[in-house]
Amino acid sequence: MQILNDSFQLFSHADLAATVVAFGIPADVFWPYFTGVVLLLIGLMKIIKDELPQRHGLDKILPFGRLFFAMPMGVFGTEHLVDASDMAQAVPSWMPAHLFWAYLVGVALIAAALSIILNKHARLAATLLGSMLLVFVATIHIPNIVAQHGARLFWTIALRDTAFSGGAFALAGSLSKRTPSDGTPWLVTLARFFVGIPAIFFGVEDFLHPEIVPAIPLARLTPTWIPGHLFWAYASGAVLIVCGACIVVNKKARLAATYLGIMILIVVLFVYLPILVAYASSIANGLNYFTDTLVLSGAALLLADAISERTSHGAGA
């Protein structure tokens, strides 16, 4: 185990840094962007070539859910590899070999991202990814909530990863083999609650704390130079609450999930993209906020794609 840790550490601190020295960019900044751009291009080519021609109307946005969800996972995985020492601090203290787990999670995230974008063993990858994210909630986030006496930020982080898990399970459920008479896969039903409940919570938080970045209200304040920064908070809050409630009670759930994904994507483009540009050299203050919120958009679109027309518009729906 120690040999693995030493090898990983040597690779991170020596080889990676040497690789990007010609660019004059720190490795921990260069490689997450590089991964994101590569995955984005691969995903766009596949969607435009293979999937868009088969979609019509509003459904043309749904194939992008897989890309919006998976690409950031690859970025997060790369961050685990190039900044493993900091990532290892999140590993529960009772677990051995913290650095090893940081690297293992990084590799797993990148592998899952590639599998989902390329649609190769995507069902297995999505199931394992959703399960891993739930393990994070159970072993890291819930203990943090208890230790911090239910602090708002730690609830937000726990529900964020729960929503991400829901997106992965929605994809896995949509890829499961079934006939029309089988009904909705249980993973899709689970995903409805995993996405819908956090959406309602985030919406309420957007109204209670409109000064904080919208959609996933973490700790960062929305820069005042963002045009209409209060408008974005209240608008996203309203859509999150209404769409989240529709998803939970399964009333027009497919349409609600679609609108939720589109709304969050608009927030990403008009709020988080300018922040990313302004803080391009800061992964923590720029790229991470952008990708975090993009994952939520992807999760909602994946859920919409997983919910059948019959389920969302049929009897009792």
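**Exercise 1. State whether helix α11 is mostly covered or mostly open, and check its length in this predicted model.**

Solution. Start with burial: 20 of the 24 residues of α11 are buried, so the helix is mostly covered, where buried means under 20% relative accessible area. Next, take the length. The expected span is 1.5 Å times one less than the number of residues. For the 24 residues of α11 this gives 34 Å. The end C-alpha atoms of α11 are 32 Å apart, which agrees with that value.

**Exercise 2. Apply the length check to helix α10, then locate its kink.**

Solution. Helix α10 covers residues 253–278, which makes 26 residues. At 1.5 Å a residue, α10 should span 38 Å. The distance between its end C-alpha atoms is 36 Å, in agreement with the expected span. The kink in α10 lies at Tyr 272 and amounts to about 40 degrees. Shortly after Tyr 272 comes the proline Pro 274.

**Exercise 3. Describe the largest nonpolar core and find which helix gives the most to it.**

Solution. The largest nonpolar core has 81 residues. Phe 69, Met 73, Leu 129, Leu 260 and Leu 303 have the most contacts inside this core. Helix α11, residues 283–306, gives the most to the core, with 14 residues. A second, separate core has five residues, including Ala 84, Ala 88, Leu 99 and Ala 102.

Now take one core residue, Leu 129. Leaving aside residues up to four places away in sequence, Leu 129 touches Phe 69, Met 73, Leu 109, Ala 112, Ile 116 and Ala 168. Phe 69 and Met 73 are also among the residues with the most contacts inside the core. As background, nonpolar side chains in soluble globular proteins tend to be buried together.

**Exercise 4. Summarise the fold of the protein as a whole.**

Solution. Count the elements: the protein has 12 helices and zero strands. For burial, 51% of the 317 residues are buried. For contacts with a separation of 6 or more, 72% are between residues 24 or more positions apart. The accessible surface comes to about 14400 Å², and carbon and sulfur atoms hold 71% of that.

**Exercise 5. Identify where the predictor's confidence stays under 50.**

Solution. Begin with the average: pLDDT is 90 for the protein, and 88% of the residues score at least 70. One stretch under 50 is residues 10–14, with seven contacts beyond four places in sequence. Another is residues 312–317, for which the model has 13 such contacts.

Notes
Residues are numbered from 1 along each chain as its sequence is written. This is a predicted model: local features need pLDDT of at least 70, side-chain atom pairs count only at pLDDT 80 or more; totals for chains, interfaces and linings use all residues. Side-chain values use heavy atoms; hydrogens and water are left out. Helices (H or I, at least four residues) and strands (E, at least two) are DSSP runs, numbered from the N terminus. The bend at a residue is the angle between axes fitted to the seven residues ending there and the seven starting there. pLDDT is the predictor's confidence in each residue, from 0 to 100. Contact means heavy atoms within 4.5 Å. A nonpolar core is a set of buried Ala, Val, Leu, Ile, Met, Phe, Trp, Tyr and Cys residues joined through side-chain atoms within 4.5 Å. Buried means under 20% relative accessible area, exposed over 50%, partly exposed in between (1.4 Å probe, protein chains only). Accessible areas come from the Shrake-Rupley method with a 1.4 Å probe; for residues, only the protein chains shown count as cover.
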